[in-house]
Number of protein chains: 4
Amino acid sequence: MAADNKLPRREREKLRQRQEILATALDLFSQKGYHNVSVQEIAEKSEFAIGTLYKFFQNKEDLYKALVRELCDKFEDSIMRAIEQPQDEVEKLRSYVRAKTEVFHRNLPFIRLYLAESRGASFNLKAGLDDELRKRYYNSLESIADIFASGIKNQRFKNIADPYYLAVTLSSVIDAFLLLWLDAPERHPYPEDPDAILDIFFKGLLEP
Amino acid sequence: MAADNKLPRREREKLRQRQEILATALDLFSQKGYHNVSVQEIAEKSEFAIGTLYKFFQNKEDLYKALVRELCDKFEDSIMRAIEQPQDEVEKLRSYVRAKTEVFHRNLPFIRLYLAESRGASFNLKAGLDDELRKRYYNSLESIADIFASGIKNQRFKNIADPYYLAVTLSSVIDAFLLLWLDAPERHPYPEDPDAILDIFFKGLLEP
Amino acid sequence: MAADNKLPRREREKLRQRQEILATALDLFSQKGYHNVSVQEIAEKSEFAIGTLYKFFQNKEDLYKALVRELCDKFEDSIMRAIEQPQDEVEKLRSYVRAKTEVFHRNLPFIRLYLAESRGASFNLKAGLDDELRKRYYNSLESIADIFASGIKNQRFKNIADPYYLAVTLSSVIDAFLLLWLDAPERHPYPEDPDAILDIFFKGLLEP
Amino acid sequence: MAADNKLPRREREKLRQRQEILATALDLFSQKGYHNVSVQEIAEKSEFAIGTLYKFFQNKEDLYKALVRELCDKFEDSIMRAIEQPQDEVEKLRSYVRAKTEVFHRNLPFIRLYLAESRGASFNLKAGLDDELRKRYYNSLESIADIFASGIKNQRFKNIADPYYLAVTLSSVIDAFLLLWLDAPERHPYPEDPDAILDIFFKGLLEP
DNA sequence: GATGAATGAGTATTCATTCAT
DNA sequence: GATGAATGAATACTCATTCAT
């Protein structure tokens, strides 16, 4: 679909360079945190001149934001593609859990960075970014909520709670397991079968 | 005159000042993030001289750590006290949810700060603190896991998953709801009855 | 001559305290150098309150100057007393060498301090002190020059150079030997017989 | 165009800038002493930005050390070259006195600085530098001692004292005269003929 | 268009000095 | 008179950003 390679050679070259800078920045930021990486350092490691970085990004913050947006796009794509497959609701949720797990595993350095820098109010300067990301997050919750709603409507799921609440719950539980595993893999082995997480929802806890 | 004269007046005064500084620091840190607040600024806003701050805390970092430790202690106390009441397992979980909700509501600025600064790799300087807090977190998870384990043993709960997993799940779901509510209270009204959260666990989702 | 103990008790007490402060300051200054000792530190170690120090001395610099003046007075006294004995010129010079050696050995910490801090232009703030000390030094040179002059007049010494030059020479040579010994006693053992230094002057170097 | 184009223009320019900074620093340090000069001040007076200074020198201390080393090298060279000429011992000593005098006259500001800062215990931070300089000084004394030893062996000099002692003596006497002249040129005119200093050694003082 | 040398505002921390008790 | 808590000016150093080449 994309016509990336229809771009004039110059433009394509530019894009490639931009990606290289972002990759280096991701590397450094996720190793040391935003505040402990200097623009100098990014320039050196990516083998561009400082001035060149500033051709691509207005400032350090802009570079960071671009990085986060780019990766969030990628993640969203993966996850959305997973739940857009034509399947029943249960399968969709399973796909969702699997996709999120995979994204997480494949992008550990970034996840670390993101958790470190962008949660909460740390960067009021980056409020713009935050707002945008929050919106996206809410949207993705809506997509999951839709699955629950549809499942409830189809009477595949019991109507135990608001579908949006259910989406929040599922999303947060996956995150929690992944984070624990990230912190201390030996202590918190990630469930070998990601579906195990779903079971907690699917099977009620209380004895009837 | 005062009733709280267990300590000599001088000492009490000192403590009060320390608390004032910590309160101001919390305020500023949670508004702007650790790196974007200068010691100067804390001094000015708390109406002490810079030198005075340094009488109380060795470092900017030390001040931050003291702040976090102090509050975490407080939170832990509240929550532990809640679940140590002699009640059945279901009641204990309800108490837990309520206690956490209350702590969260009462300490929004700090929660913001904590989420912003203490997760991930951002603060390699603060690794020591992080480790300590992680350990505490894991310990608190164990306490909740114990409740689930006991409930399962008593056949009050179905044995649908490892108790520790259940603890992780519950804890993370509460956090998630609270965070959403923190971000956008209108969009995400926190369930009026905190027990609603528990219901998601208690009632199975799947139709039999 | 002095009527120290005629002073009212109050005054005597004051003087004793002053001496105590100066002694502590000497100790600290000579261990760490003027700039690396805080007034706080002097106060603590001498067991006075900071405010009390400031009753005795206008400021840190004033304290330092008083210290140096006091000790220089003492040294000058010792040395002057030595050369004022009724002796012939050769004996006077010997007494001078011995007295200087003794003063040096007995006051190593101060000598170190003095060399570190007061030579040259380090403290333009302390210019006042420096000027005063220089004058004293020149005066002491004159006293030595007088001995040489008298010795030349008495034909006890050859008239090989201006007496003042001879004084400069003798004084500097003693200092040089003492300094070397101070730096590295093993490498530069101080001549066991201080008179050896004089011999270099007394015996001409060149073969006739 | 320039004749000194062994280095690429860029490098030459750099070196010139470095020298300019060092010259300004020397100026300021010798007027006010190391501790009383701020990096800010050096930057302003040398008309570079603070950051530029830090491109050339890691620290304020590093700047100071570079300054001292640079100049000591220069001095040592001059003096060593003077005594390495093929001459008899007497001439060598004369050359030594003359070379030292010249170096001193040409580098008054530095001499002032050096005397102020590098002696004694003031700079425990600068211990490394101090040690290095002391070693150099001792080495230079050995070179002079060799001249005396050779002169004694050749029976050009009487064997009145250990050659190393003689070296110490000569060196310190020159320094003393130079220092007096530095302090108060009118009161202490430096001997018009530097050889006058040597005469004090060559001619015995005592009448036979 | 690319470069990277130069810039200088910004920040944590120390310590001489004051003054209310 | 003595005290020492409180003060805040001063300073070394970093690093995002610019702009002359």
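This text walks through a predicted model of protein chains with two DNA strands.

Residues are numbered from 1 along each chain as its sequence is written, while chains are lettered from A and ligands numbered from 1 in the order in which they are written. In this predicted model, local features need pLDDT of at least 70, side-chain atom pairs count only at pLDDT 80 or more, and totals for chains, interfaces and linings use all residues; side-chain values use heavy atoms, with hydrogens and water left out.

Start with confidence in chain A. The score is pLDDT, the predictor's confidence in each residue, from 0 to 100. Its mean over chain A is 80, and 82% of the residues reach 70 or more. Helix 3 (residues 50-56) of chain A has the highest confidence, at 94. Helix 6 (residues 108-118) of chain A has the lowest, at a mean of 68. Helices here are DSSP runs (H or I, at least four residues), numbered from the N terminus. Over residues 118-126 of chain A, pLDDT stays under 50. The model has 33 contacts (heavy atoms within 4.5 Å) for that stretch beyond four places in sequence. Where pLDDT is low, the predicted coordinates should not be read in detail.

Now turn to DNA strand E. Around it are 26 residues. A residue counts as near if one of its heavy atoms lies within 4 Å of the strand. Thr52(A), Tyr54(B), Val39(C), Gly51(D) and Thr52(D) come nearest. Sugar and phosphate make up 66% of the strand E atoms within 4 Å of the protein.

Some polar contacts (pairs of N or O atoms within 3.5 Å) can be picked out. A polar backbone atom of Val39(B) is 3.0 Å from a phosphate oxygen of strand E. For a polar backbone atom of Ala49(D), the distance to a phosphate oxygen of strand E is 3.0 Å. Asn59(B) uses a polar side-chain atom, 3.3 Å from a phosphate oxygen of strand E. Among the elements giving two or more residues to this surface are helix 3 of chain A and helix 1 (9-32) of chain D.

DNA strand F comes next. It is surrounded by 26 residues, the closest being Val39(A), Gly51(B), Thr52(B), Thr52(C) and Tyr54(D). Of its atoms within 4 Å of the protein, 67% belong to sugar or phosphate and the rest to bases. Chain D supplies several phosphate contacts. A polar side-chain atom of Tyr54(D) lies 2.9 Å from a phosphate oxygen of strand F. A polar backbone atom of Val39(D) is 3.0 Å from a phosphate oxygen of strand F. For a backbone N or O atom of Lys60(D), that distance is 3.0 Å. Helix 1 (9-32) of chain B is one of the elements supplying at least two residues to the surface near strand F.

Terms used:
Polar contact = N/O pair within 3.5 Å; in protein donor to acceptor, adjacent residues only side chain to side chain.
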